[in-house]
Amino acid sequence: MTLHTYLPQDRLRALARGETLPDSAHGSALFADISGFTPLTEKLTQSLGARRGIEELTLRINTVYGALIGEVDRFGGSVISFAGDAMTCWFDASADAPSARAVTCAQAMQAAMQGFPDLSVKVAVSTGPVRRFAAGDPESRLFDALAGATVARLATAEHLARAGEIILDQATTTLLQCSARESRTAETGERFFVLDLSSTSSKGYSIQDDPAANTRHVQLDTDLLKPWILPVVWRRESTGQGLFLTELRPTTALFVRFMGIDYDHDGQAKQKLDTIVSQAQRILERHGGILLELTIGDKGSYLYASFGASHVHEDDAQRAVRVSLELRQLFGDFAFLDSIQFGLSSGTTRVGAYGGTTRKQFGVLGDDVNLAARLTSLAKASQTLLSEDTPMRPDTAKGELVSGGKGKIAMW
């Protein structure tokens with residue numbers, strides 16, 4: 001079984017030692033966002049057909065992630081979480097030179113992407129203190145998450161980066177005395193620096209021979225792994241069925257954005273996040289949905305749930321709407337939340353596991369997933385926006401058309 005690959009590398013090593021990770025840490029965070037999979041999907045399905053196309057796409061996706069995650073392993077980092085075609089990694093200060101290792105890893109990632117001309121990656125690095133949380137219901141799945149101002153800067157930097165670039169925050173640039181090709185200023189007034197790749201070197205920071213950074217041969221009791229694994233993944237792999245082959249499948253994506261938790265200064269931040277995630281999981285399970293991702297960034301925290309990923313229902317869109325309304329009512333009772341927004345879209349997505357040999361994710365990806373995320377950012381407080389193509393019964397959706405981009409319906 002490969003169940004251990006669904007956990008961050010440092011979390012896996014800690015479990016093997018019988019330890020817990022501290023909820024406060026210092027080091028460097030790295031965000032790598034791959035682009036180009038959507039046009040590549042269209043190209044392969046048109047030239048090879050739907051079945052062979054998705055098989056070839058899966059092979060290429062895993063090859064790309066294998067190369068990038070291999071660099072994270074080589075420089076002693078851990079892939080904490082995936083969000084769509086992106087991943088957030090952590091280089092902890094418990095090992096030497098976390099900023100240097102993170103930036104050198106970013107350079108190695110850009111070099112590795114030269115072997116994939118149809119794709120590109122943009123990388124952001126930030127340095128400083130973070131909170132490290134394990135949130136959720138162990139019966140459903142625990143989520144590993146980084147939070148705090150350092151992670152918020154990472155997200156801000158990523159928004160400013162372009163394909164093929166590495167962008168650093170002020171702390172990382174100052175610490176390493178990096179040569180910058182140019183600087184960019186965010187709306188917050190923070191400055192970020194585009195690394196000059198022509199004047200930097202990747203030599204000197206590889207720790208590929210350090211056995212402490214190797215998770216390939218970590219042996220763990222599967223009972224220790226179970227709380228960190230999606231039940232649908234656990235059932236298939238623990239019974240020897242193997243995970244779903246990646247396939248194109250109709251699903252409905254529901255995104256929830258919530259704001260109001262001060263991850264840096266609130267001593268109850270962990271408990272608040274855990275309550276939100278675990279209660280959302282229980283509501284989703286009652287309606288046949290699963291929570292796939294927890295993302296914490298510069299503009300709030302996001303939950304991404306999918307309907308149809310494990311079992312397809314004729315009324316998945318209606319189920320998603322009902323969940324959004326229940327969550328709105330539930331979260332409305334949390335006085336610490338400033339805002340709650342929802343975005344929902346249905347369409348054909350690619351469903352299955354992806355990643356490398358040491359770290360992978362079970363995910364549901366596609367244009368309609370991206371659309372649901374964008375609708376969330378457009379929604380007003382306590383509002384759900386649906387894509388125009390989301391199938392709804394007349395008695396379920398009572399709302400008004402909202403202009404801007406692809407047509408959408410406002411729910412209230």
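The lining of the largest cavity in this predicted model leans on 10 nonpolar residues, joined by 2 polar and 4 charged ones. That makes for a lining of 16 residues, and those sitting nearest the cavity centre are I80, R141, F143, D144 and R359. Three strands, β2 (78–83), β5 (143–147) and β10 (289–297), each put at least two residues into this lining. As for the space itself, the largest cavity holds a volume of about 140 Å³. A general point helps in reading such numbers: empty space left between atoms shows up when a probe the size of a water molecule is rolled over them.

The count of cavities of 30 Å³ or more comes to 3. The second largest cavity takes up about 70 Å³. Its two-or-more contributors are α3 (50–74), β12 (339–355) and β13 (360–365), with β12 giving the largest share, 5 residues. The residues lining this second largest cavity include T58, I61 and N62, along with T246, R350, Y354 and L365. By class, the lining of the second largest cavity splits into 5 nonpolar, 5 polar and 1 charged.

Turning to helix α10, this element runs over residues 316–331, 16 residues in total. From first C-alpha to last, α10 reaches 22 Å, close to the 22 Å expected at 1.5 Å a residue. Plenty of its residues are buried: D316, A317, Q318, R319, A320 and V321 are among them, as are V323, S324, L327, L330 and F331. In an α-helix, residues three or four places apart point the same way, because there are 3.6 residues a turn.

Conventions:
Residues are numbered from 1 along each chain as its sequence is written. This is a predicted model: local features need pLDDT of at least 70, side-chain atom pairs count only at pLDDT 80 or more; totals for chains, interfaces and linings use all residues. Side-chain values use heavy atoms; hydrogens and water are left out. Helices (H or I, at least four residues) and strands (E, at least two) are DSSP runs, numbered from the N terminus. The expected span of a helix is 1.5 Å times one less than its number of residues. Buried means under 20% relative accessible area, exposed over 50%, partly exposed in between (1.4 Å probe, protein chains only). On a 1 Å grid over the protein atoms alone, a cavity is a set of points where a 1.4 Å probe fits but cannot get out, and a pocket is an open set with protein on both sides within 12 Å along at least five of seven lines; lining residues have an atom within 4 Å of a point. Grid points are joined across faces, edges and corners, and a volume is the space filled by probe spheres set on the points. Ala, Val, Leu, Ile, Met, Phe, Trp, Tyr, Cys and Pro count as nonpolar, Asp, Glu, Lys and Arg as charged, and the others, Gly among them, as polar.
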